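Here are a few notes for you to read alongside the coordinates. I have grouped them by region, so you can click through the residues as you go.

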Amino acid sequence: MTNLGRLYPLLDDVHLPDGLPYSQVSSWELRFLYLLGRHHLTGEGRLVELGSGGGGSTYALALGLRESPVFDERTGRLHAYDFFRVGKGTFASEKFFTSGTKPEDDNSFLNDFRTRLEPFLPFLEIHAGDLWQTSDPDDTSPVEFLHIDIAKTARVFRCVTERFLTRLRPGSVVLHQDFAGPRLPWLHHSTGALLPYIEIAGPPIRSTLAFEVVRPIPEDVLKRIAEDAYTVDDKLELITAVQERIDRDHTGGIPFKSVLEFAKAYVAHYAGDHRRAWSIAKPLTSDEYLSRTRADHFEQLRKAYEQDRERHGGGSRLGRLVKKAVGR
């Protein structure tokens, strides 16, 4: 059993308080966060949550820290990063507001967040705004814990890599909350690049993959990840390496081998190779989980492929003949 794996048998016995702040993560993930705070983290390094949202995950982790026998609230700090507002590019829900809907004159739920997390404010530091602006490029202090629920775009993931992954040390714990998201393949191929230096805790906790750094990560590896300096084929191979390590999530509900195969299609899609993307994705349409939960993903890739064919005159035999005749 891995170091973090010892927490898995405790999941069923965790009973979190009723009325936890709204969260987009599952109850299983909230329990795991609590267990990490209660039984694993010390607060000797930075504890960082990227994408705190409405505060449910922050509350679960902070509650565990408060009940920990080793976390010192006078010196330890939990850092919560988020836009703390709804709108284009924030990927936030209006359910993060206490009322459940956005007030007409305000798109920020920061005050709602503070009110919900009031019991933990003495050791909670809130960073509101764009991560590129609210994170310190000169901060090199070690990060003991990194919860990543913010890397919805490659731009943000580069910030995560440059300013947080570079501060991981042996013993650091990382949680990728969006690991079941095929549209975020940078999470998957970057994990593949880190495999020689990490130990995966066990099956993903629903959509969250947890791992612990067990060897120093070379600077050049982190630089390649941040600069996206991998070819499409490199990325596909790295994702395959991750597929060899994980199968289904711990409840058996999410088939991660299929999810990661779908992520490969998005690697090709983002590279502009829509034919290759659809050739990877099309066989996955028979996967029950993906067809049920990712129908819009399939439609996006199919549409891009068909538009690409049309642009290159490959939409139909008649189209190809017409193009050939015009070329004469």
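1. Let me start with phenylalanine 84, which sits in the loop between E2 and H3. Please keep in mind throughout that this is a predicted model. The phi angle of phenylalanine 84 is near 55°, a positive value in a residue other than glycine. With 0% relative accessibility, phenylalanine 84 counts as buried. If you like to look over backbone torsions, this is one to put on your list.

2. A second residue to view with that one is arginine 206. Its phi is near 50°, again a positive value in a residue other than glycine. Arginine 206 belongs to the loop between strand E6 (198-200) and strand E7 (209-213). At 23% relative accessibility, arginine 206 counts as partly exposed, whereas phenylalanine 84 counts as buried.

3. Now to the aromatic rings. How many aromatic pairs does the structure hold? There are 15 of them. A pair of aromatic rings is described by the distance of the centres and the angle of the planes. One of the pairs joins tyrosine 22 and phenylalanine 96: the ring centres are 5.8 Å apart and the planes stand at 50°, so this pair is tilted. Tyrosine 22 is in the segment before helix H1 (27-39), and phenylalanine 96 is in the loop between strand E2 (78-82) and helix H3 (110-116), so the pair ties together parts that are 74 residues apart in sequence.

4. Are the two partners of that tilted pair buried or exposed? Tyrosine 22 counts as partly exposed, at 32% relative accessibility. Phenylalanine 96 has 5% relative accessibility and counts as buried.

5. Next comes an edge-to-face pair, made by phenylalanine 97 and phenylalanine 109, with 5.7 Å from centre to centre and 80° between the planes. Both residues belong to the loop between E2 and H3, and they are twelve residues apart. Phenylalanine 97 and phenylalanine 109 are both buried.

6. The rings from the points above come together in one picture. Which residues form the aromatic cluster? Its members are Tyr22, Phe84, Phe96, Phe97, Phe109 and Phe113. So that you can place it, Phe84 is the residue with the positive phi from my opening point, and Tyr22 comes from the segment before H1.

7. The segment before H1 deserves a walk of its own. Aspartate 13 lies there and is exposed, with a relative accessible area of 59%. The C-alpha atoms of aspartate 13 and arginine 31 are 9.1 Å apart, with their positions 18 residues apart along the chain.

8. Leucine 16 is found in the segment before H1 as well. Leaving out residues up to four places away in sequence, leucine 16 touches Leu30, Arg31, Tyr34, Ala60 and Leu63. From leucine 16 to tyrosine 59 the C-alpha separation is 9.9 Å, across 43 residues of sequence.

9. Serine 23 is a further member of the segment before H1. What does serine 23 touch, not counting residues up to four places away in sequence? The contacts are Leu30, Gly56 and Ser57. Serine 23 is buried, with a relative accessible area of 18%. Tyrosine 59 turns up again here: its C-alpha atom is 9.8 Å from that of serine 23, and the two are 36 residues apart along the chain. Leu30 is also touched by leucine 16.

10. Moving on to the later helices, serine 258 lies in helix H9 (residues 256-270). Serine 258 is buried, with a relative accessible area of 17%. Apart from neighbours within four places in sequence, serine 258 is in contact with Leu284, Asp287 and Leu290.

11. Finally, a helix packing to look at. Helix H10 (residues 274-281) and helix H12 (residues 295-311) pack at an angle of about 140°, their axes lying 9 Å apart. H10 and H12 are therefore oblique to each other, and their crossing is left-handed. On the H10 side the contact is made by His274, Arg275, Trp278 and Ala281, and on the H12 side by Phe298, Leu301, Arg302, Ala304, Tyr305, Asp308 and Arg311. Sorted by class, the contact has six nonpolar, one polar and four charged residues.

Methods: Residues numbered from 1 in each chain as written. Predicted model: local features only at pLDDT ≥ 70, side-chain atom pairs only at ≥ 80, totals over all residues. Heavy atoms only, no water. Axes fitted to C-alpha atoms, helices over the stretch in contact; angles between N-to-C directions. Helix = DSSP H or I, 4+ residues; strand = E, 2+ residues; numbered from the N terminus. Parallel < 35°, antiparallel > 145°, perpendicular 65-115°, else oblique. Left-handed = near helix turned anticlockwise from the far one by under 90°. Contact = heavy atoms within 4.5 Å. Nonpolar A, V, L, I, M, F, W, Y, C, P; charged D, E, K, R; others polar. Phe/Tyr/Trp six-rings, centres within 6.5 Å; stacked < 30°, edge-to-face > 60°. Buried < 20%, exposed > 50% of the residue type's maximum accessible area, 1.4 Å probe, protein only.
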